[in-house]
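Reader: I'd like to go through this one feature by feature. Can you show me how to read each kind, general idea first and then the case at hand?

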Amino acid sequence: MARTAIVTGGTRGIGAAISMALKAAGHQVAATYAGNDEKANAFKQETGIAVYKWDVGSYDACAEGIAKVEAEIGPVDILVNNAGITRDAMFHKMTPQQWQEVINTNLSGLFNMTRPVWDGMRSRSFGRIINISSINGQKGQAGQANYSAAKAGDIGFTRALAQEGAKKGITVNAICPGYINTEMMATISEDVMQKHILPQIPVGRLGEADEIARCVVFLASDDASFITGSTLSANGGQYMG
Ligand SMILES: NC(=O)c1ccc[n+]([C@@H]2O[C@H](COP(=O)([O-])OP(=O)(O)OC[C@H]3O[C@@H](n4cnc5c(N)ncnc54)[C@H](OP(=O)(O)O)[C@@H]3O)[C@@H](O)[C@H]2O)c1
């Protein structure tokens with residue numbers, strides 16, 4: 001069944017793959033982004049997917065942006081909270097600003113985006129919330145106290161909200177990607193990749209953004225209506241927590 005989906009950070013990387021896969025599955029998609037107009041416009045040209053710019057860290061911007069999407073496309077049935085940032089530093093060097101920016105985008109962004117769509121989903125008795133967490137929210141990662149805390153928080157948010165949404169036909173699930181082959185990974189040297197990263201991944205390769213996108217399409221489908229509050233690890237066997 002065709003539904004309306006919002007994918008935050010849906011114009012680049014994993015989010016772009018998710019936006020395209022949801023469109024290919026027959027849904028109407030709105031992809032949001034924070035500031036990279038060039039990438040967003042190129043994505044819109046290539047895919048025909050509508051793009052919207054606002055900061056998921058601002059509740060008012062989310063409420064306003066979602067109202068615009070609902071007026072132009074339709075009530076939101078599927079929300080993919082994918083937008084995320086890193087501000088890595090060892091804790092003894094981490095600044096309050098690095099902490100706050102990551103918490104605000106990667107954790108508060110989920111509240112800011114989900115709260116404005118929640119009442120509509122409840123009244124229509126259908127909803128799919130899919131939160132893109134991370135392997136580092138499950139196992140922790142040195143240099144990422146801020147990111148690991150926010151991503152672990154995303155899992156707690158998922159589990160609490162799943163219990164509230166269950167009787168209203170709303171499922172809430174998290175996906176925890178491991179290392180995914182995105183622009184971010186392309187900056188890592190071949191030497192570091194071969195010696196330090198690939199040996200940690202039992203399947204011996206990075207994941208592809210499409211592999212995360214296929215998890216999202218499944219969790220968004222009617223076939224997944226009995227799955228809620230779950231955390232789907234997609235990490236090539238790197239962590240089995
Ligand atoms: N890549 C990995 O290996 C990996 C592994 C585990 C988990 N993840 C998670 O997967 C998600 C996507 O990662 P990615 O590597 O695909 O990221 P990415 O390529 O850096 O893209 C991030 C997207 O999020 C948007 N964004 C960032 N901050 C935002 C904000 N405050 N408001 C609205 N949009 C914002 C960006 O918009 P602009 O284009 O305007 O900047 C962009 O569209 C993130 O939550 C990340 O933590 C990634």
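Author: Let's start with a side chain that talks to the backbone. This is a predicted model, and in it the side chain of N235 reaches the backbone nitrogen of G237 at 2.9 Å. A polar atom of the N235 side chain also lies 2.9 Å from the backbone oxygen of Y239.

Reader: Where does N235 lie in the fold? And does N235 count as buried or exposed?

Author: N235 lies in the segment after β7, which spans 231–234. For burial, the cut-off to keep in mind is under 20% relative accessible area. N235 has 9% relative accessibility, so N235 counts as buried.

Reader: Which residues is N235 in contact with, once neighbours within four places in sequence are left aside?

Author: Those are I135, Q138, G178 and I201.

Reader: Let's do strands. How do I read the two faces of one?

Author: The general idea is that side chains in a regular strand alternate between the two faces of the sheet. Take β1, residues 4–7: T4 and I6 point one way, A5 and V7 point the other way, and all are buried. Strand β4, residues 78–81, gives you another case, with I78 and V80 on one side, L79 and N81 on the other, and both faces covered.

Reader: Which way do β1 and β4 run, and how many bridges join them?

Author: They run parallel, with three bridges between them. To find the register on the model, look for A5 opposite I78, and for I6 with L79 as its bridge partner in β4.

Reader: What about β1 and β2, in what sense do they pair?

Author: In the parallel sense again, over four bridges, with β2 covering residues 28–33. Here the residue to click on is V7, whose bridge partner in β2 is A31. Now follow the chain: β1, helix α1 (residues 13–24) and β2 make a right-handed β-α-β unit.

Reader: And how many bridges pair β4 with β5?

Author: Four, in the parallel sense. L79 stands opposite I129 in β5. The chain crosses from β4 through α4 to β5, and that β-α-β crossover is right-handed too.

Reader: On to the ligand. How many residues surround the ligand, and which are the closest?

Author: There are 28 around the ligand, and the closest are R12, G35, N36, N82 and Y147. After a list like that, I'd check the polar atoms. An N or O atom in the side chain of R12 is 2.7 Å from an oxygen atom of the ligand. With N82 a polar backbone atom is involved, again at 2.7 Å from a ligand oxygen. I180 also uses its backbone, with an N or O atom 3.0 Å from an oxygen of the ligand.

Reader: How much of the ligand's accessible area does the protein cover?

Author: On its own the ligand has 910 Å² of accessible area, and the protein covers 90% of that.

Reader: Now backbone angles. What should I look for in phi?

Author: Most residues other than glycine have a negative phi. S125 goes against that, with a positive phi near 55°. You'll find S125 in the loop between α4 (96–124) and β5 (127–132).

Reader: Why does S125 count as partly exposed?

Author: Partly exposed runs from the burial cut-off of 20% up to 50% relative accessible area. S125 has 46% relative accessibility, so S125 falls in that class.

Reader: One more thing: how do I compare distance in sequence with distance in space?

Author: Take C-alpha to C-alpha distances and set them beside the sequence separation. S221 and A25 are 196 residues apart in sequence and 9.2 Å apart in space. S221 sits in the loop between α9 (209–220) and β7, and counts as buried because its relative accessibility is 18%. For another pair, try Q144 and I212: 68 residues apart in sequence, 22 Å apart in space.

Reader: Where is Q144, and what does Q144 touch beyond four places away in sequence?

Author: Q144 is in the loop between α5 (135–139) and α6 (145–165). Beyond its sequence neighbours, Q144 touches T86, D88, A89, N136 and A149. With a relative accessible area of 8%, Q144 is buried.

Methods
Residues are numbered from 1 along each chain as its sequence is written. This is a predicted model: local features need pLDDT of at least 70, side-chain atom pairs count only at pLDDT 80 or more; totals for chains, interfaces and linings use all residues. Side-chain values use heavy atoms; hydrogens and water are left out. Buried means under 20% relative accessible area, exposed over 50%, partly exposed in between (1.4 Å probe, protein chains only). Helices (H or I, at least four residues) and strands (E, at least two) are DSSP runs, numbered from the N terminus. Two strands pair if DSSP finds at least two bridges between them. A crossover is right-handed if, with the strands pointing away from the viewer, the path from the first strand over the helix to the second runs clockwise. A residue is near a molecule or strand if one of its heavy atoms lies within 4 Å of it. A polar contact is a pair of N or O atoms within 3.5 Å; within protein, one must be able to donate a hydrogen and the other to accept it, and residues adjacent in sequence count only if both atoms are side-chain atoms. Accessible areas come from the Shrake-Rupley method with a 1.4 Å probe; for residues, only the protein chains shown count as cover. Contact means heavy atoms within 4.5 Å.
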